[in-house]
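Me: Please take me through this model by question and answer, giving the cut-offs behind each term as it comes up.

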Amino acid sequence: MDNSKETPKVSRREFIKKGSSLAAASGLVSLAAPAILSSRSPNGRISLGFLGTGSRACEILRSITGYPETFVTDVCDIYPPNLEEGAKLSLNDKVRKHEKWEKVLEQKDVDAVVVATPLYLHVPMSVAALEAGKHVYSEKSMGRTMKECNEMLASAQKHGDLVYLVGYQSRLNESLKVTKDLVNQGSFGKITQFYVHFDRNQTWKRVDVGPEWDRQLNWRLYSEYCDGLLTEVVTHEIDMVMEVLGTLPVSASFYGKILVYQDGRENHDSVMGTWEMEDGVLGVGTAHLSNASQGVGWSLLGTHGTVASSGGGLKLYWEKEARHLDSLGIKHKFTQVQLGQSLKESESPNTTPAKVLDFKVDNDYDLNTGRAFKHFYNCILNGTKPVMDAVSCRRTSIAALMAYHSSINGGRLFTRQEIEAMG
Ligand SMILES: NC(=O)c1ccc[n+]([C@@H]2O[C@H](COP(=O)([O-])OP(=O)(O)OC[C@H]3O[C@@H](n4cnc5c(N)ncnc54)[C@H](O)[C@@H]3O)[C@@H](O)[C@H]2O)c1
């Protein structure tokens with residue numbers, strides 16, 4: 001990130017709020033706006049406090065501690081081994097360690113917090129952090145309920161001078177931009193269907209912790225803490241598809257079961273169902289913890305072709321028998337795609353196999369996470385608006401919550417209005 005060309009935007013409110021601690025720390029009399037944020041930490045770095053230092057926070061720490069902007073001042077976790085791991089990965093031997101997350105928010109020199117706790121804590125922590133004048137990188141999903149998502153949106157809008165974003169890091173994928181362009185150009189004809197899937201063969205249950213920690217650390221299994229597969233994993237894939245389509249679901253009908261892991265869990269280990277989008281496009285969503293063959297990914301299917309994403313790479317296919325659709329007035333432009341590896345004028349969809357496009361950063365989890373933090377830093381330092389903002393992430397949560405409520409109600413169709421009325 002090059003911060004040298006642009007002047008950091010600091011609102012008067014932030015200027016005043018942060019001014020006193022800055023003055024105390026630096027002894028400066030004249031506070032030039034561009035220096036405000038960087039003066040709070042040595043060498044222009046952003047002071048970060050981590051709320052929760054479990055598995056995801058540690059992945060984040062491994063990805064970002066090498067960046068010049070990163071300065072981890074505080075870590076917090078209720079589970080001592082995770083707190084120690086987070087402290088170690090902070091690469092700061094003076095890092096402050098806390099058991100209570102509120103203590104992090106009391107630290108005047110903390111610029112921003114990373115919320116990487118179970119879902120039920122995302123909104124309480126993020127709202128309190130914004131109230132305390134901290135920028136927030138919240139892990140996905142935005143919130144566990146419609147009420148929480150609405151509260152979060154209101155808080156983000158109230159604190160428009162602070163950055164709030166949700167960690168849908170794949171929203172920044174280059175492959176997503178390419179997909180959007182191809183879909184908008186009509187490369188795949190009229191999009192009629194999509195599939196989003198997240199299939200793994202793993203229990204999701206930690207067995208290395210005593211019963212006193214079971215619920216806190218196996219939170220994914222219990223409905224008190226999150227909404228299971230739909231808010232935890234499928235949410236990533238539906239987020240990307242909605243970003244390309246630009247539409248919202250009008251209804252959802254999903255089934256959920258505990259098919260394999262009869263271990264006292266409440267959240268389903270298997271879900272499957274459909275959304276209908278506002279323009280009539282139909283989508284299937286599935287997630288299983290008992291079979292990994294379908295892997296993780298999404299695909300968009302149109303009258304003239306298909307784009308399938310897995311891990312960040314793309315496979316593009318064109319339909320062999322699509323020319324009859326021209327007479328129905330369905331336009332396509334597959335011969336005009338100018339993407340190096342895509343169809344050339346001389347190629348025929350009848351003979352050309354799938355085109356594979358690879359994207360190094362998109363395919364690499366650590367680089368992908370790092371890119372999301374570069375984006376977060378850029379928003380803080382340069383006043384750029386976050387791509388994964390509160391408005392769009394609330395929409396993604398609506399889609400996941402529609403599917404979730406249907407899945408815990410025996411597949412009953414839920415409309416968007418019903419879900420929104422819960423807020
Ligand atoms: N963006 C991604 O690709 C991605 C990947 C994995 C997880 N996540 C998200 O990250 C979040 C954390 O997931 P995880 O896999 O790290 O789970 P985890 O269980 O490994 O970590 C959660 C941590 O929060 C701590 N915690 C619980 N209550 C707390 C409290 N009151 N105060 C402080 N700490 C508390 C736990 O002790 C634990 O260490 C979840 O929201 C998850 O959905 C995102």
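The turns below go from the overall fold to the sheet, one loop residue and the ligand shell.

Reply: This is a predicted model, in which local features need pLDDT of at least 70 and side-chain atom pairs count only at pLDDT 80 or more, while totals for chains, interfaces and linings use all residues. Residues are numbered from 1 along each chain as its sequence is written.

Me: How many helices and strands does the protein have?
Reply: Helices (H or I, at least four residues) and strands (E, at least two) are taken as DSSP runs, numbered from the N terminus. On that basis the secondary structure of the protein comes to 14 helices and 15 strands.

Me: In what order do the 6 strands of the open sheet lie?
Reply: Two strands pair if DSSP finds at least two bridges between them, and in this open sheet the pairing is parallel. The edge strands, each pairing on one side only, are β3 (96-98) and β6 (164-166). The order of the 6 strands is β3-β2-β1-β4-β5-β6.

Me: Which residue of β5 stands opposite Ala 112?
Reply: Strand β4 (residues 112-115) and strand β5 (residues 135-138) run parallel and are joined by 4 bridges. In β5, the residue opposite Ala 112 is His 135.

Me: Is Lys 94 buried or exposed?
Reply: Lys 94 belongs to the loop between α4 (80-89) and β3. A residue is buried if 20 or more other C-beta atoms, placed from the backbone, lie within 10 Å of its own, exposed if 12 or fewer, and partly exposed in between. Because Lys 94 has 6 C-beta neighbours inside 10 Å, it counts as exposed.

Me: What percentage of the 423 residues counts as buried?
Reply: The burial count uses the C-beta cut-offs already given for Lys 94. Of the 423 residues of the protein, the buried part is 45%.

Me: Which element gives the most residues to the shell around the ligand?
Reply: The ligand is surrounded by 25 residues, the closest being Gly 52, Gly 54, Ser 55, Arg 56 and Glu 139, where a residue is near if its C-beta atom, placed from the backbone, lies within 6 Å. The elements giving two or more residues are α3 (55-64) and α9 (214-217). With 3 residues, the element that gives the most is α3.

Me: Where does the ligand lie with respect to domain 1 and domain 2?
Reply: The domain bounds come from an automatic or database domain assignment. Domain 1 (12-170 + 368-389) and domain 2 (173-363 + 397-416) both give residues to the shell around the ligand, so the ligand lies between them.
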